[in-house]
Amino acid sequence: MVFSSTLFLFWFLPVVLIGYYLCGKNAKNYWLLLASLFFYSWGEPKYVLLMFTLIVINYICGLLLARDHNRYLLCATVIFNLGILGYFKYFNFLMETVNAVLSLIGGQSVSLNQIALPIGISFFTFQIMSYVIDVYRGTVPPQKSLAKLALYISLFPQLIAGPIVRYSDVAAQIDERNVTLGGIYTGAVRFMIGLSKKVLLSNQMAAIADAAFIQSDPPALLAWMGAVAYALQIYFDFSGYSDMAIGLGKLFGFDFLENFNYPYISSSVKEFWRRWHISLSSWFRDYLYIPLGGSHCSREKTYRNLLIVFSMTGLWHGASWNFVVWGLWHGAFLILERVLGNRFRMPKWLGHIYTMLVVLIGWVFFRADTLGQAAVYLRSMAGNPLEGALYSLSHLDREKVFFFALSLIFCLPAGKWINSRLGETSRSFAQTARDTALAAVFFVTILYVVSSGFNPFIYFRF
């Protein structure tokens, strides 16, 4: 079940909201827990037991770690969680790599059944690990209610594709939270904005990106169009989901932290990672980079730590060498920026161009199916943009050009600028203008939802 489906919008969400608002205070968490388990079981019925098993084991380990801060128990718990994630997400990749090596040396390949990847396992596994690690560190007290811990892990707004919510950020809200009319309005607005991002912008950019990446050797202009379209697609897809998750959270009284902050205005790769998928980058910072020594060690070890973190960041996104290269690509430029430091300061506009080139080339590795395909695609981008220009432009119609232009505008802080201009007018006029525009956009979005088929979010596969 996806947020941008008629099933979710017109059946699941209204029923859950009505039931939640009618429930007594003590029953609200149980209602949300049942709704969340139903939501997950709709697409992954056989993996609900897996998720619940992880919850129970980590619940017990959390209680034990609070009583006795045993480092070996923590290591065993983390290894167990990573083992489950590794089996389902990386076993196929490992065996494919082994078979590739065996074929090179003339050995006989190993034949094994493919293991299906449970939706959202990367997200809820990282949330579980942050809980037990924080309990061990004494940052948070252990949750003594199994139902409340299960709600934290399985809460449906952010279960499938984040943001990665830490227990410390919502522990108090799980125990007690308030739903106000202002919160409901803010949450509904945020949800509608996220839905519009996904349906009107991301899905339209996907058509352009697919038309370019499906070709074995696209013309240069089409290759650039595809790379830019994919950069816009993945941004509006993932930030749209995060907006919807944050909005849904507010409808139930939860306040989730922001996950994106206009990453495409960055003037360095370091700044990009402060603005892109904030919950993941901060997770790796606090639970891997700093424990490795972070920046408080020798220069060589700092570089090592960055490469480890970003190779893991790549692997977290997918079981493929493409993702590893994508992570190392970003890690390499972070190291380069540290090496140059204050010795080389480029103008902000030039830094923005440099950053976008690094990010766009990185997205090619992320989007391509294989490293070979990525190499061919990058070679196409380096070609003459005039060759095949008419053919490239033929992939654009008026609708795609319109949404391409909107995507380029709204990946920048255009919304903030419009709000600031409206703020200079009367308060009632500004509010009416915003609500009218949002209602019109939401109406068009619903028309696209009803007329479209199944369109899952990119990060569902992670």
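**Patch, pockets and salt bridges: a quick tour**

Okay, let's start on the surface: helix H14, residues 321–340, and helix H15, residues 348–367, each give at least two residues to a nonpolar patch. Before I go on, keep in mind that this is a predicted model.

So who is in that patch? Trp224, Leu336, Val339, Leu340, Phe344, Met346, Trp349, Leu350, Ile353 and Leu357 make it up, and together they cover about 860 Å². H15 puts in the largest share, with four residues. If you want one residue to click on, try Leu336, which sits in helix H14. Is Leu336 buried or exposed? Somewhere in the middle: its relative accessible area is 37%, so we call Leu336 partly exposed.

Right, on to the empty spaces. Rolling a probe the size of a water molecule over the atoms shows where space is left. The largest pocket holds about 1400 Å³. It has 41 lining residues, and the ones closest to the centre are Ile193, Phe410, Gly415, Asn419 and Leu438. Which elements give two or more residues to that lining? They are helix H9 (181–213), helix H10 (220–251), helix H18 (398–410), helix H19 (414–423) and helix H20 (427–451). H9 has the largest share there, 10 residues. As for chemistry, the lining of this largest pocket splits into 24 nonpolar, nine polar and eight charged residues.

Now swing round to the second largest pocket, at about 990 Å³. Here 35 residues do the lining, and Lys270, Arg274, Leu334, Glu337 and Arg338 lie nearest the centre. Helix H11 (269–275), helix H12 (278–289) and helix H13 (299–317) each supply at least two lining residues, and H14 and H15 do as well. You'll remember H14 and H15 from the nonpolar patch. In the second largest pocket, though, the largest share comes from H12, with seven residues. The class split for this lining is 16 nonpolar, 12 polar and seven charged.

Let me stay with Arg274 for a second, since it's on that list of residues nearest the centre of the second largest pocket. Arg274 lies in helix H11, and at 57% relative accessibility it counts as exposed. If you want a sense of scale, go from Arg274 to Leu13: they are 261 residues apart along the chain, and their C-alpha atoms are separated by 32 Å.

What about closed-off space? Searching the whole structure turns up one cavity of 30 Å³ or more, and its volume is about 30 Å³. Which residues line it? That would be Tyr152, Leu155, Gln158, Val165, Val170, Ile174, Phe254 and Phe256. By class, that's seven nonpolar and one polar, with no charged residues in the lining.

Last topic: salt bridges. Side chains of opposite charge can pair when their charged atoms come close. How many salt bridges does the structure hold? There are 13, and I'll show you three.

One is Arg190 with Asp243, where the closest N and O atoms are 2.9 Å apart. This pair links distant parts of the chain, with Arg190 in helix H9 and Asp243 in helix H10, 53 residues apart. The cut-off for buried is under 20% relative accessible area, and Asp243, at 7%, therefore counts as buried.

Another is Arg275 with Glu271, and there the closest N and O atoms are 3.0 Å apart. Both partners are in helix H11, four residues apart, which is about one turn of the helix. Arg275 comes in at 17% relative accessibility, so it counts as buried.

Then there's Arg285 with Asp286, with 2.8 Å between the closest N and O atoms. The two partners get different labels here: Arg285 is partly exposed, with 42% relative accessible area, while Asp286 counts as buried at 17% relative accessibility.

And one more thing on salt bridges: some of them share partners, and those join Arg190, Lys197, Asp243 and Glu258 into one network. So the Arg190 and Asp243 pair I showed you belongs to that network.

That's my tour. Let's pull the structure up and take questions.

Methods: Residues numbered from 1 in each chain as written. Predicted model: local features only at pLDDT ≥ 70, side-chain atom pairs only at ≥ 80, totals over all residues. Heavy atoms only, no water. Patch = residues over 30% accessible without salt bridge, like charges linked within 9 Å, V, L, I, M, F, W, Y side chains within 5 Å. Areas by Shrake-Rupley, 256 points an atom, 1.4 Å probe, with all protein chains shown as cover. Salt bridge = Lys/Arg side-chain N within 4 Å of Asp/Glu carboxyl O. Buried < 20%, exposed > 50% of the residue type's maximum accessible area, 1.4 Å probe, protein only. 1 Å grid on protein atoms, 1.4 Å probe; cavity = no way out; pocket = protein on both sides within 12 Å on 5 of 7 lines; lining within 4 Å. Points joined across faces, edges and corners; volume = space filled by probe spheres on them. Nonpolar A, V, L, I, M, F, W, Y, C, P; charged D, E, K, R; others polar.
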